Amino acid sequence: MTSKGFFCFACIGQATVGVVEQWGRFQRIAGPGFHFLNPFAGECLAGVLSTRVFSLEVRIETKTKDNVFVQLLCSIQYRVIKENADDAFYELQNPQEQIRAYVFDVVRAHVPRMTLDDLFEQKGEVAKAVLDELEKVMGAYGYNIEQILMVDIIPDSFVRKAMNEINAAQRLQLASIYKGEAEKTLLVKKAEAEAEAKYLGGVGIAKQRQAITEGLRANILNISNSVSGTSAKEVMDLIMVTQYFDTIKELGNSSKNTTVFLPHGPGHVKDISDQIRNGTMEASCSNLGH
């Protein structure tokens, strides 16, 4: 809002203060409202100042400790102190340029002592250093620094590209490690599963052979006890020949077109029965030995 003056009256707007002079000399600060000025006593409204918060953006280019050129974007919020409005009115002709100059000075004194990574991590400390310096200096001129924000830190484009490539490489390396660990785990689990399957298969085969042996032994004993005058060898031969013919029958009834050539005849049947009997006996002896 603007202030208006007509002859000996003045109206000061809200969030504004007026500077009243008498015979060219500062007399008082006039707050918002209607004011009477005595022109015959030399009073006049010299000017007005807004007490609202102003924002000033400052872009600084400087170099870090590791020789990287960066641009820093600072946002400074400041306002006129009502009680010291006369200092703000008379002391500084261009407060924005004054603030800008001090920001440049402080930032360029701090940033060259920090690496680029430290600058990103400690940008709040740089803003605090600027705030402390500006409060001390601008307070003497009637201005209060409300807040300073380090809005952005912009490295050189080549540096940004290199940083992105480093980050991408690190993430790819981490992904490769995770992928390798996953593949390793799969291989270990697969090997453990195969070993367990083979172990269980071996146990099953051993139990199957043991059951066959026990069954044959029981059959031989039953037949020997039921039919008088038969020996265990004769019973074993009979069982072997019976199993031989059962096997030939199963091969003939198979749904798959498979041709199996086996020597067939009385002499060959005897040879096969001898081989089966000898193998069974050896297995039985092996089991008894264990």
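The following exercises, each with a worked solution, concern the predicted model shown above.

In this predicted model, local features need pLDDT of at least 70 and side-chain atom pairs count only at pLDDT 80 or more, whereas totals for chains, interfaces and linings use all residues. Residues are numbered from 1 along each chain as its sequence is written, and side-chain values use heavy atoms, with hydrogens and water left out.

**Exercise 1. Confidence**

Determine in which strands confidence is lowest and highest in the chain.

*Solution.* Begin with the scale: pLDDT is the predictor's confidence in each residue, from 0 to 100. The chain averages a pLDDT of 80, and 79% of the residues score at least 70. Next, consider the strands. Confidence is lowest in strand E1 (residues 4–6), with a mean of 40, and highest in strand E8 (residues 69–80), at 92. Finally, examine the start of the chain: over residues 1–7 pLDDT stays under 50, and the model has 14 contacts (heavy atoms within 4.5 Å) for them beyond four places in sequence. Where pLDDT is low, the predicted coordinates should not be read in detail.

**Exercise 2. The sheet containing E3**

State the strand order of the open sheet that holds E4, E3 and E6, and identify its edges.

*Solution.* First, count the elements. The secondary structure comes to 7 helices and 9 strands; helices (H or I, at least four residues) and strands (E, at least two) are DSSP runs, numbered from the N terminus. Second, establish the order: this open sheet of 3 strands reads E4-E3-E6, with antiparallel pairing, where two strands pair if DSSP finds at least two bridges between them. Third, find the edges. Strands E4 (25–30) and E6 (43–50) each have a single partner strand, so one side of each is left without a neighbour in the sheet. The twist averages 30 degrees from one strand to the next; axes are lines fitted to C-alpha atoms, for helices over the stretch in contact, and angles run from 0 to 180 degrees between N-to-C directions. Fourth, inspect one pairing: strand E3 (residues 16–22) and E4 are antiparallel over 5 bridges, and valine 20 stands opposite arginine 28 in E4.

**Exercise 3. Surroundings of glutamate 43**

Decide whether glutamate 43 is buried or exposed, and list its contacts.

*Solution.* Locate the residue: glutamate 43 lies in strand E6. Apply the accessibility classes: buried means under 20% relative accessible area, exposed over 50%, and partly exposed in between (1.4 Å probe, protein chains only). Glutamate 43 has 16% relative accessibility and therefore counts as buried. Then look for polar contacts, that is, pairs of N or O atoms within 3.5 Å; within protein, one must be able to donate a hydrogen and the other to accept it, and residues adjacent in sequence count only if both atoms are side-chain atoms. The side chains of glutamate 43 and glutamine 27 are joined by such a contact of 3.2 Å. The side chain of glutamate 43 also reaches the backbone nitrogen of asparagine 38 at 3.0 Å. Leaving aside residues up to four places away in sequence, glutamate 43 touches Glu21, Gln22, Gln27, Arg28, Phe36, Leu37 and Asn38.

**Exercise 4. The sheet containing E8 and its helices**

Describe the order of the open sheet with E7, E8 and E9, and name the helices that lie across its strands.

*Solution.* The 3 strands are ordered E7-E8-E9, with antiparallel pairing. The edge strands are E7 (54–63) and E9 (143–155), each of which pairs on one side only, and the twist averages 20 degrees from one strand to the next. E7 and E8 are joined by 10 bridges, with leucine 56 opposite isoleucine 76 in E8. Turning to the helices, H2 (residues 95–110) lies across E7, E8 and E9, at about 35 degrees to E7. Helix H4 (residues 123–138) lies across E8 and E9, at about 150 degrees to E9.

**Exercise 5. An aromatic pair**

Classify the pair formed by the rings of phenylalanine 89 and tyrosine 90.

*Solution.* Rings of Phe, Tyr and Trp (its six-membered ring) pair if their centres lie within 6.5 Å; planes under 30 degrees apart count as stacked, over 60 as edge-to-face and the rest as tilted. The structure holds 4 aromatic pairs. For phenylalanine 89 and tyrosine 90, the ring centres are 5.0 Å apart and the planes stand at 85 degrees, so the pair is edge-to-face. Phe26, Phe89 and Tyr90 form one aromatic cluster. Phenylalanine 89, at 26% relative accessibility, counts as partly exposed, as does tyrosine 90 at 38%.
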